[in-house]
Amino acid sequence: MFISHSTSADERTGRLLDALAAGLDDREHDVLLDKRIKEPGRPWELKLARFLGECDAALVLVNKAALASSWVRRETNILHWRKTLFPGMVLVTVLVDGVGAGELRKSDLRYLATDDVERMGPDTVEEVARLVGRFPRLRQAGDDLVGVWLENIGILLREIKDQSVFARIARELEIPAEEHAALIPGFAPLLLASQMLDTHEVVRLLHAILVARMGGLERERVDDLAKMILPVWVDRDDARRIVRDTDGEVRRIVILNVDTPLIGEHYLARAFCVDTRSYYIAEAAGRPPGDDDPEDYLLDQCEKAVKYAIGLDPEDELGRAEEPRGFGRLFLLLDAKRCDLAVVHRVLARLHDQIPWLNVLVIPGRGVDVRESWPGNPDEVLVLDPPFEVGHETLVKAVERRVQECVRPSDRRA
């Protein structure tokens, strides 16, 4: 069980932290606490990252210092992301030091307000016992998406036999040199995989992949590794809103203000930890030839894509097709750069009349002010405005092509 806190300058909350950790120890929980691994001369940041990806439950102490702590924000972002993807995970937030629920909702930790929130009462001994009691014997949450994602990356990295390659990958990911001592045989793959919980520059991810290839990873494994880690350049907080927005709602229509459908694929992969059991994609584009009616053409393209994805034949009626069980969430990835948003709105309304469970990720292009021009209810859509420029989209496409040349070199290059 992981405890997130910021108590170095808050003795009172520090004593509460120690009491909670001791109480959880007494109940035979394995408490993962940074204070217990920050030993002089011992690497700890890699271990901390691993804890965040592997813990089965978490407790967050929110005092005044925690509200302003970048470390607490980083830790709780990862924990809340895991909770979003795996609702069975136990995540309890405890308000202390006079922090109120309203203050939490206005802070950078506002996403925690949608989970279990407790306020620390005046009687510390009884309150500690009560909070410790909130954590019964926990079943392992190792089957959640983050845990599976980490293990899958670790499986690929274990194919590298030369241990020195792990240190070279760590340098590409800008892991501090003093942390490299933790990259010992048997643990290095999972420790490196845990670093993928953080967002990285796409070029650094490319370099890590190329180092793995030069270090002996087979071409097929390199391709798998690239699919696993390249989407990590996408901001985690932005991507997770596709799964469930900050207000706890799930929006069936997400509009991603970019030009390239590939960026949409990366956002979905990042949101679902590249777990293809959890989501699948049908792709369509609205580009009517000649004098064809734009709306009928777009609807036809969308219906064909959805039918193919759910196993219907082209001549079958889409009707109110039942959602395939165990398939994950279906996303129609719609390239709408050549479409009027009013047409897109009408087509999606017709599609949702037939299959209300359909999720849609719309790529409208950067030149469209979606919030001003969306003709429907603005509350029915989630609009994501990535902070990067169009040049970054070009860079991501170049990185993908570089990886493909590495994995499957063309005849010309040969």
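**View 1. Thr7, a buried residue in a loop.** With a relative accessibility of 10%, Thr7 falls in the buried class (buried is under 20% relative accessible area, exposed over 50% and partly exposed in between, with a 1.4 Å probe and protein chains only). Look for Thr7 in the loop that links strand 1 (2-4) to helix 1 (11-26); helices (H or I, at least four residues) and strands (E, at least two) are DSSP runs, numbered from the N terminus. Setting aside neighbours within four places in sequence, Thr7 touches Thr13, Gly14 and Leu17, where contact means heavy atoms within 4.5 Å. This is a predicted model, so local features need pLDDT of at least 70 and side-chain atom pairs count only at pLDDT 80 or more, while totals for chains, interfaces and linings use all residues. Residues are numbered from 1 along each chain as its sequence is written, and side-chain values use heavy atoms, with hydrogens and water left out.

**View 2. The four-stranded open sheet.** Its strands pair in parallel, in the order 1-2-3-4; two strands pair if DSSP finds at least two bridges between them. Strand 1 and strand 4 (116-119) are the edges, each with a single partner strand, so one side of each has no neighbour in the sheet. From one strand to the next, the twist averages 20 degrees (axes are lines fitted to C-alpha atoms, for helices over the stretch in contact, and angles run from 0 to 180 degrees between N-to-C directions). Helix 1 packs on this sheet against strand 1 and strand 2 (57-62), at about 160 degrees to the direction of strand 2.

**View 3. Strand 2 and its surroundings.** Six of the six residues of strand 2 are buried. Ala57, Leu59 and Leu61 cover one side, with Ala58, Val60 and Val62 on the other. Three bridges link strand 2 to strand 1, with Phe2 partnering Ala58. Towards strand 3 (residues 90-95) there are six bridges, and Ala57 is matched there with Val90. One strand further on, strand 3 and strand 4 share four bridges, with Leu95 partnering Arg119.

**View 4. The five-stranded open sheet.** Here the order is 6-7-8-5-9, again with parallel pairing. Strand 6 (279-285) and strand 9 (381-384) sit at the edges with a single partner strand each, so one side of each is left free of a neighbour in the sheet. Neighbouring strands are turned by 20 degrees against each other on average, direction ignored. Strand 5 (residues 253-256) and strand 9 are joined by four bridges, and Ile253 faces Val381 across that pairing. Helix 14 (residues 294-310) packs on the sheet, touching strand 6 and strand 7 (329-335), and runs at about 155 degrees to strand 6.

**View 5. Aromatic pairs and a charge over a ring.** The structure holds six aromatic pairs (rings of Phe, Tyr and Trp, the last by its six-membered ring, pair if their centres lie within 6.5 Å; planes under 30 degrees apart are stacked, over 60 edge-to-face and the rest tilted). One of them is Trp233 with Phe388, edge-to-face at 5.3 Å centre to centre and 70 degrees between planes. Trp233 is in the loop between helix 11 (219-229) and helix 12 (236-240), and Phe388 in the loop between strand 9 and helix 17 (390-407), so the pair ties together parts 155 residues apart in sequence. Trp233 and Phe388 are both buried. Phe272 and Tyr279 make a stacked pair because their centres are 5.2 Å apart and their planes at 20 degrees; both residues are buried. Tyr267 joins Trp233 and Phe388 in one aromatic cluster. Elsewhere, the charged end of Arg240 sits over the ring of Tyr111, 4.5 Å from its centre (this takes NZ of Lys or CZ of Arg within 6 Å of the ring centre and within 35 degrees of the ring normal).
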